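Here is a short briefing to read alongside the model. Take a look at the structure first, then dip into the topics below.

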Amino acid sequence: MFSNGLLRAILICALLGCGKGPSRPVVVKIALLSPQTQASGEASQILQSTLTMAFIGLSDAMVFSLQSRRQVADVAPNFILEPIEDRSGFSIQIFDGPSQRHLHEVVCAVADCAGRIGDAIGVTPRKLSVVAAAVPALPSAETFAQSAARSPDDGTIYEQWINYLLTQNRREEVGRVVALALQRKWPPLERAQFDVLRATIEGDIPARIAAIAAVARAWPANVPLQLQAADALNQRRDFKSALPLLHAAARGEPGSFQVLSNLAYTQALSGDFSAALQTVQLSAATANQPLRSLDLEGDIRFLQGDFRGAETAFLAAADKDAAFELGRLYGKAAEAALWQNQIDRADGHMQRFFAVYQKGVPAGIAIVQGLWHWRLGQRVEARRQAESLPSIKPLFDFLADPTRGGPSPAGSALQALAQGRSAEAATALGEFVRQQPLPVGLRWDPILAVALDEAGKSAAACALLTNWGLPPSPDDWSAAVLWPQQLSVRATCLQKTDPGRAEQLRQLVVKVAPR
């Protein structure tokens, strides 16, 4: 079983080390289960597995939740995540005084991660308290070295030694200690833990993913860890390697919607749509999530290119709760209708989305309406809405003229593409897409395909478009970038295998031409 010391070290190293701290850190405690609750043995095992996933996966969730790079630089090296003594949850210790001004953001980020974990096991996380605590005195590095020399096969010594170096901001020495530990013979699970840490320190992402997968295979009963390892493999688009881990998770938690949905997406992305739809049916029968199961069915059918079936599933889900996710089910139904060249029907669905969305986010309605007008070729109307709200004008300026660069982490790559530097753009966009979590990456695939096609790599562009991606959120502006060039590239790729669909897309290109 993962030891807390190694998990803490993995987390800290993933966040670029740990800085020096004063004697009184701020400690925030987050509970997944109330300490007053007498958890059953099964619940305790689930909680321990959950904490394991939190330790391994929380770093990315926290970093992406912080509001600025400055906050990441301030906070990341100066906090430690630890389990609460009664095993009811975990705490965050923020050691550095300047970092404590971002305490609220860190707590929100960790609480958000805890919320997702809690949803998976059917409990409600709650913030317990914010308290001051003294940092206990630590032995010196020399003491740890002497202990390791006396008891070289005691893994806890290496773990404590590594964490000591991290808390003293001596990250450059950690690799030597890990290498020393790896000279010993360990059981497979413990060995894999050290491999995870070594790969994290060295920044070797493929090795880190392989090591986490090895830990998951050695610990098949730990469902959250199976999901964590499968997610890492999926992000690298190694879908077939992720499938055994997800099947193990499904055996461990039968009827879990989270597990079954991850399995269905991965089966679809590996090309086995028949198995994916069978998993959707299993979710509908056992997961007690009828709306989400219909939404899942819509996504799988969309990936398959069965847009009529996807549209029907999204609308059936919306019938159960029109306000779900601010009406986005209507937006997804509109996307499915649009790809059938049914613009009027798509617009009708989108108007229903606007009516729901405006009630929840009145300040954002101009953006989603403007993006939709833009994609339908109604550029004048889209710009009119942008001019009425200065805060969104730069976005539409960028859509109108990508050569100037834009408000996006991929802005420079899109600028290069617009300026005719297609090979440079394809390389930069490829790197950008690889860094995105899967749903986001899938939505950028058509844009990358345009860059590859214009760089003379048509085969690579078509290979990227073997599935249809997922319907973008209506407020996701990336769907409007290089539109309708994306449709033209897809039509070209489909010409040999599905000429009817290719012609349908070419007709759609004509309909959404800028006007």
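Which helices do the buried residues of H20 pack against? They pack against H18, helix H19 (379-388) and helix H21 (411-418). This is a predicted model, in which local features need pLDDT of at least 70 and side-chain atom pairs count only at pLDDT 80 or more, while totals for chains, interfaces and linings use all residues. Residues are numbered from 1 along each chain as its sequence is written, and side-chain values use heavy atoms, with hydrogens and water left out.

**Confidence**
- The protein chain averages a pLDDT (the predictor's confidence in each residue, from 0 to 100) of 78, and 72% of the residues score at least 70.
- Among the elements (DSSP runs numbered from the N terminus: helices, H or I, of at least four residues, and strands, E, of at least two), strand S4 (residues 126-132) has the lowest mean pLDDT, 41, and helix H15 (residues 307-320) the highest, 98.
- Residues 14-25 have a pLDDT below 50, and this stretch has 49 contacts (heavy atoms within 4.5 Å) beyond near neighbours in sequence.

**Cores and packing**
- The largest nonpolar core (buried Ala, Val, Leu, Ile, Met, Phe, Trp, Tyr and Cys residues joined through side-chain atoms within 4.5 Å) has 39 residues, of which Leu-338, Trp-339, Trp-372 and Leu-487 touch the most other members.
- Elements that each supply at least two residues of this core include helix H16 (328-338), helix H18 (365-375) and helix H25 (485-494).
- Beyond four places in sequence, Leu-338 is in contact with residues including Ile-343, Trp-372, Trp-483 and Leu-508.
- A second, separate core of 35 residues includes Ala-366, Ala-386, Phe-432 and Leu-465.
- In helix H20 (residues 393-400), the buried residues (under 20% relative accessible area with a 1.4 Å probe, protein chains only) are Leu-395, Phe-396, Asp-397, Phe-398 and Leu-399.

**Cavities**
- The whole structure holds three cavities of 30 Å³ or more (sets of points on a 1 Å grid over the protein atoms alone where a 1.4 Å probe fits but cannot get out; lining residues have an atom within 4 Å of a point).
- About 210 Å³ of space lies in the largest cavity, and Trp-339, Arg-443, Pro-446, Leu-470 and Pro-472 lie nearest its centre among 22 lining residues.
- Helix H23 gives the largest share of that lining, four residues.
- The second largest cavity has about 100 Å³ of space, and its 13 lining residues include Met-350, Trp-372 and Arg-375.
- H18 supplies the largest share of this second lining, four residues.

Technical notes: Buried < 20%, exposed > 50% of the residue type's maximum accessible area, 1.4 Å probe, protein only. 1 Å grid on protein atoms, 1.4 Å probe; cavity = no way out; pocket = protein on both sides within 12 Å on 5 of 7 lines; lining within 4 Å. Points joined across faces, edges and corners; volume = space filled by probe spheres on them.
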